Amino acid sequence: MSNEPAEDSATTASPALPVDSNPEYIKVRNFSFNYTPEVRVLKNISMDIPENQVTAFIGPSGCGKTTLLRNFNRMNDLIPGISHEGTIHVNGREIFDPKLEVIALRKRVRMIFQKPNPFPKSIYENVVYSLRIAGKNNKSLLDEIVETSLRGAALWDEVKDRLHESALGLSGGQTQRLSIAHAIANMPEVLLMDEPCSALDPIATAKVEELIAELKSKFTVIIVTHNMQQATRVSDRTAYFYLGEMIEMDDTEEIFRNPKHSRTEKYITGRFG
Amino acid sequence: MNALSSPKVPKTKGRGEPMVWFTGMWLSFGLLMILVLLTIIVKNGLSTFWPSPVLQIELVENSDAKLRGSTTLAGDVKKEQIRTTAGESGEPVPEIQLFTGNREAYNTGFRYVVESDITSREYPKDIIRAERLEYGDMIGYPVRIEFADETRLESTSKEFPEALRRMVKEANERRDKIEHIEKDLIGAINRSMEKIKLNRRGWDKAESIPEKDRLQMDAEQAGLQKEYEKLASEARELRNLQNANRLIYRIPTGDERTVATGSVVDYYYPNRLNIFQRVFRFFARIIHFIFEDPREANTEGGIFPAIFGTFVMTILMSVVVVPFGVLAAIYLREYAKQGPVVRAVRIAVNNLAGVPSIVFGVFGLGFFVYFMGGSIDSLLFSERLPTPTFGTGGVIWASLTLALMTVPVVIVSTEEALVAVPRGVREASLAAGASKWQTIQRIVLPASLPGIITGLILAMARGAGEVAPLMLVGVVKLAPTLPLDTIAPFVHLERKFMHLGFHIYDLGFQSPDSEAAKPMVFATTLLLIGLVIALNAAAIIIRERLRRKYKTGAF
Ligand SMILES: Nc1ncnc2c1ncn2[C@@H]1O[C@H](COP(=O)(O)OP(=O)(O)O)[C@@H](O)[C@H]1O
Ligand SMILES: [Mg+2]
């Protein structure tokens, strides 16, 4: 582990974007993060994540991908003793601004966890959870949202006859798609997916991947993955992390065909990691 | 091969074996003690209700057991034991204990008889056992009925059994009627009178009463008085009727005695019953015991008020202790910054469970009864002072005292349940934009409910059986009214109440004739255990349902 944070290791290439999308939808500048004063987990990261695209984070375990992801919706606030430097803007708004409401931020930037954690409630109630807590209880509206969200998560046909049964009875793949349905039900702007397929079998993985490709028309998606094929299949841009630094970020095709850093090349070709 | 058979391979299996037996032994010992205790309580508690046959014995002339100079004695055998005589020889002497009844004639209800003094035994078919309003049971031979109009009906006549049955039935019906008049009707009049009186006092304090109101009150009062007199005379007449007919009976020692049929509650021929009749009577007596009011300083009759009081107190306590404990635990576990202070508070809470319960009783008396009750009285019931309404022991104060005493149990189990809710589920909720409180309310609390109910079960088990603090804050030997009834406002939380645990103490250790009270003590103990088990079972059933509903299985 290097003692000094590397400087300006990020080089931001110009992305190929849909015409009206914002190339700096999430703008990270010189961002460093500590869990405890002794251990620096993220070192001086700067990057831009474009709107309505899928961005993949890759890198060996423990390099800080989850930590960065959890900063985007400030889930790390729950951990005592954290500190950070630098800024993160989401859609032009600084998220560490003391005046910003964390709850509103989390509604816009939705996190889907590595290990899906359905609530001990019915499938229906799981999907509409974020609406209920926002005080939306109109039955016909909720019914409609349940159907569109479950269809959006490619789960509708499998569960439409048992919406009111416990969500704990679903299979692993179904549960992960349920958390996606739950996440998109209240129309967020960004979906953060932390290794969403790590616990799924190949068929379920294929379904979720298909889903991600569709989701990007409506949402900005960031996906952490250890699976290089998955990154090439689903993402438009890819960022490679190593020991808390972002080594390189570029269009996915470019990074896999022509990595600029030798570390990146070693990692993606499987010689290291 | 060589290595396998080498003696250096440690014999892992053989070593721990003696400890299995040793630890198991202690568990079995504990279980055995509990089993013995329960067996004693169940056996003695249930045998109280069993209508055993009545044995009649002839004694030798010089026996010490003779009653009223007679060598004949009858009663049901309570105990057979071997007593060692006093003195150096210390010979073992077999003896029996008879319940002889007829306390007013013998001045005792029990008699020990040395077996060698008995010359003959029989079970006379004609002997009768009657439960009376006074002096406990009668055991004797019916002789005749003397009616109010001086006519007589001898027990040898054919009509006698039917006549006796009818008279006891009529007397019981009349007794219910008298009770209805005196308790309900006259009680209602008394309450109206009290209201007018308080009204007057209120007027007196303020200014003189306007003429119109005074006249109206006078008229009302007079009307009530008249109604009262009418009812009172009706009750008096009925009471006289109760004493009009008399049953003459001969006690086994020979004398004839008299009892008004109005004071016979029930009677039967103990040596004529077949097994089905016995079983039927057994259950009927249990039902009576559970649903009737006590008589004769609680040593006879039922214990309904005590069951009801215990039940109401326990439920009230639960209603208070659960929100109190759960909210405290939520603060401690979810909101407070975990650190030395919180740890110290947690230790203090745990130690609160070790404070002797009488200390809570004293606190309850000082804080709840005198301070809170006194304040309520001076604010809301000042017209009744100096008679206290809330400023004296009552079921509400007893429940609050017990709630305070048992709240650590609920806090500890709730905290454990809260910790067991996986972090992932909480994060999923927070990530959905829920606030901390929304997460607690919608996710954490429902998932912790089974654990919270476990805490409630423990609290109930501790609270329902507690006696010492209750004696200071509202339990009484005999409460004239129940804390819930049909008179508005239906719930009378300020009332004093009866309690099974206190009942046991009072009967067993405060009554003048503890031997006579013993069956009641066992029966009451059995019921208290039964009630605690029933309340716990209810809570466990609810908990299992919730567990199945949430299927978290993390508790
Ligand atoms: N809650 C935490 N407290 C302290 N250190 C943590 C915490 N979570 C993660 N870390 C540390 O931060 C580093 C980065 O972890 P993480 O972001 O989970 O990596 P990745 O997701 O890339 O595998 C690791 O060294 C890990 O041990
Ligand atoms: Mg991770």
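# Notebook: rings, a helix and ligand 1

I started with F283(B), which at 46% relative accessibility counts as partly exposed. A reminder to myself before going on: this is a predicted model.

**Entry 1, aromatic rings.** I looked up how many aromatic pairs there are over all chains, and the structure holds 23. One of them joins F282(B) and F283(B). The two rings meet edge-to-face, with 5.1 Å from centre to centre and 70° between the planes. I put that down as edge-to-face because the cut-off for this class is over 60 degrees. And F282(B), buried or exposed? F282(B) counts as buried, at 11% relative accessibility. That is under the 20% cut-off, while the 46% of F283(B) makes that residue partly exposed.

Elsewhere in chain B I found one aromatic cluster. F363(B), F367(B), F368(B) and F371(B) belong to it, along with W397(B).

**Entry 2, charges over rings.** Next I checked where charged ends sit over rings. R272(B) has its charged end over the ring of Y269(B), 4.0 Å from the ring centre. For K436(B), the ring underneath is that of Y335(B), and the distance to its centre is 5.5 Å.

**Entry 3, the shell of ligand 1.** Then I turned to chain A. Which residues surround ligand 1? I listed Y35(A), V41(A) and I79(A), plus S61(A), G62(A), C63(A), G64(A), K65(A), T66(A) and T67(A). Sorted by class, that shell comes to 4 nonpolar, 5 polar and 1 charged residues.

I also noted some polar contacts to oxygen atoms of the ligand. A polar side-chain atom of T67(A) is 2.4 Å from one such oxygen. G62(A) brings a polar backbone atom to 2.7 Å from an oxygen of ligand 1, and a backbone N or O atom of C63(A) is 3.3 Å from a ligand oxygen. On its own, ligand 1 has 560 Å² of accessible area, and the protein covers 59% of that.

**Entry 4, helix 1 of chain A.** Which element gives the most to the shell around ligand 1? I found that to be helix 1 of chain A, residues 65-72, with 3 residues. Why call this helix largely enclosed by the rest of the structure? Because 7 of its 8 residues are buried. I wrote those down as K65(A), T67(A), L68(A), L69(A), R70(A), N71(A) and F72(A). So K65(A) and T67(A) turn up twice in my notes: they are buried in the helix and they belong to the ligand's surroundings.

Last thing I looked up: R74(A), just after the helix, takes a positive phi of about 55°.

Terms used:
Residues numbered from 1 in each chain as written. Chains lettered and ligands numbered in written order. Predicted model: local features only at pLDDT ≥ 70, side-chain atom pairs only at ≥ 80, totals over all residues. Heavy atoms only, no water. Near = heavy atom within 4 Å. Polar contact = N/O pair within 3.5 Å; in protein donor to acceptor, adjacent residues only side chain to side chain. Areas by Shrake-Rupley, 256 points an atom, 1.4 Å probe, with all protein chains shown as cover. Helix = DSSP H or I, 4+ residues; strand = E, 2+ residues; numbered from the N terminus. Nonpolar A, V, L, I, M, F, W, Y, C, P; charged D, E, K, R; others polar. Phe/Tyr/Trp six-rings, centres within 6.5 Å; stacked < 30°, edge-to-face > 60°. Buried < 20%, exposed > 50% of the residue type's maximum accessible area, 1.4 Å probe, protein only. Lys NZ or Arg CZ within 6 Å of the ring centre and 35° of its normal.
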